[in-house]
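Visitor: Thanks for having me. Could you walk me through this one, step by step?
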Amino acid sequence: IQIGSSMKSVGEVMAIGRKFEEAFQKALRMMDENVIGFDPYVKEISDDELEKPTDKRMFVLAAAIKANYSIDRLYDLTKIDRWFLQKMKNIISFQVILESVGESHLSYELLLRAKQLGFSDKQVAACVKSTELFIRNTREENGGPFFLS
């Protein structure tokens, strides 16, 4: 038996980070090894799915944020506190920035900000259309392993 930081039967995870965004993304990765983070491409937008709490609602929420649903509309549908919704929007807004940059223009500052928001190397690689190895090497070349994964 292997005991990890996830208690799937009750939907609990333990994720430590300096900011909500970082801990939230780590928690999502702990729940499912196939999840790379707060990913707007996992589920389609559905107002019905936003209203009903399920284990996949976070991904419908990510898609809705990426589709520019307002914080007020998301609050009306989900009843999730606006503070949390804004933090989730921070993640998606930064993902949009990463997707627009691409591998060749990924700066140290952008990579550092991505790590502060809880993006894994794999997640950054997907955004900039690169590889996890390239992202890890870039990170290590710019100051060593001061932040991991």
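**Helix packing, core and loops**

Guide: Happy to! Let us begin with a pair of helices: H1 and H5 are roughly perpendicular to each other. Keep in mind that this is a predicted model.

Visitor: At roughly what angle do the axes of H1 and H5 cross?
Guide: H1 spans residues 20–31 and H5 spans residues 82–101. Angles of 65 to 115 degrees count as roughly perpendicular, and H1 and H5 are therefore placed in that class. Their axes come within 9 Å of each other and cross at roughly 80 degrees.

Visitor: How do the residues of the contact of H1 with H5 divide into nonpolar, polar and charged?
Guide: On the H1 side, the contact is made by Phe-20, Glu-21, Phe-24 and Gln-25. H5 brings Trp-83, Phe-84, Lys-87, Met-88, Asn-90 and Ile-91. The division is 6 nonpolar, 2 polar and 2 charged.

Visitor: What pattern does the protein chain follow along the sequence?
Guide: The chain holds 8 helices and 2 strands. Written in order, the pattern is β-β-α-α-α-α-α-α-α-α.

Visitor: Which residues touch the most other members of the largest nonpolar core?
Guide: Nonpolar side chains tend to be buried together in soluble globular proteins. Here, 40% of the 149 residues of the chain count as buried. The largest nonpolar core has 35 residues, and the elements giving two or more of them are H1, H3 (57–66), H4 (71–78), H5, H6 and H7. Those that touch the most other members are Phe-38, Leu-61, Leu-98 and Phe-119.

Visitor: Which residues does Phe-38 touch, leaving out those up to four places away in sequence?
Guide: Some names will be familiar from the contact of H1 with H5, including Phe-24, Gln-25, Met-88 and Ile-91. Phe-38 touches each of these four, and its other partners are Leu-28, Met-58, Leu-61, Ala-62, Ile-65, Ile-92, Gln-95 and Gln-123.

Visitor: Within what arc do the buried residues of H8 fall, seen down its axis?
Guide: The buried residues of H8 are Ile-135, Thr-138 and Arg-139. They line one face of the helix, because the arc that holds them is 100 degrees.

Visitor: Which helices are included in what covers the buried residues of H8?
Guide: The residues to be covered are Ile-135, Thr-138 and Arg-139. The cover includes two helices, H6 (108–116) and H7 (121–128).

Visitor: Is Asn-137 buried, partly exposed or exposed?
Guide: Asn-137 is found in H8, which runs over residues 132–141. In space, its C-alpha is 9.9 Å from that of Asp-121, with their positions 16 residues apart in sequence. Buried means under 20% relative accessible area and exposed means over 50%. Asn-137 has 30%, so it is partly exposed.

Visitor: What is the phi of Lys-129, and is this residue buried or exposed?
Guide: Lys-129 lies in the loop between H7 and H8. Its phi is near 55 degrees, a positive value in a residue other than glycine. Its relative accessibility is 71%, so Lys-129 counts as exposed.

Visitor: Where does Asn-68 lie, and what is its relative accessibility?
Guide: Asn-68 is not a glycine either, although it has a positive phi of about 70 degrees. This residue lies in the loop between H3 and H4. Asn-68 counts as exposed, because its relative accessibility is 69%.

Conventions. Residues numbered from 1 in each chain as written. Heavy atoms only, no water. Axes fitted to C-alpha atoms, helices over the stretch in contact; angles between N-to-C directions. Helix = DSSP H or I, 4+ residues; strand = E, 2+ residues; numbered from the N terminus. Parallel < 35°, antiparallel > 145°, perpendicular 65-115°, else oblique. Contact = heavy atoms within 4.5 Å. Nonpolar A, V, L, I, M, F, W, Y, C, P; charged D, E, K, R; others polar. Buried < 20%, exposed > 50% of the residue type's maximum accessible area, 1.4 Å probe, protein only. Arc of directions from axis to C-beta. Core = buried A, V, L, I, M, F, W, Y, C linked by side-chain atoms within 4.5 Å.
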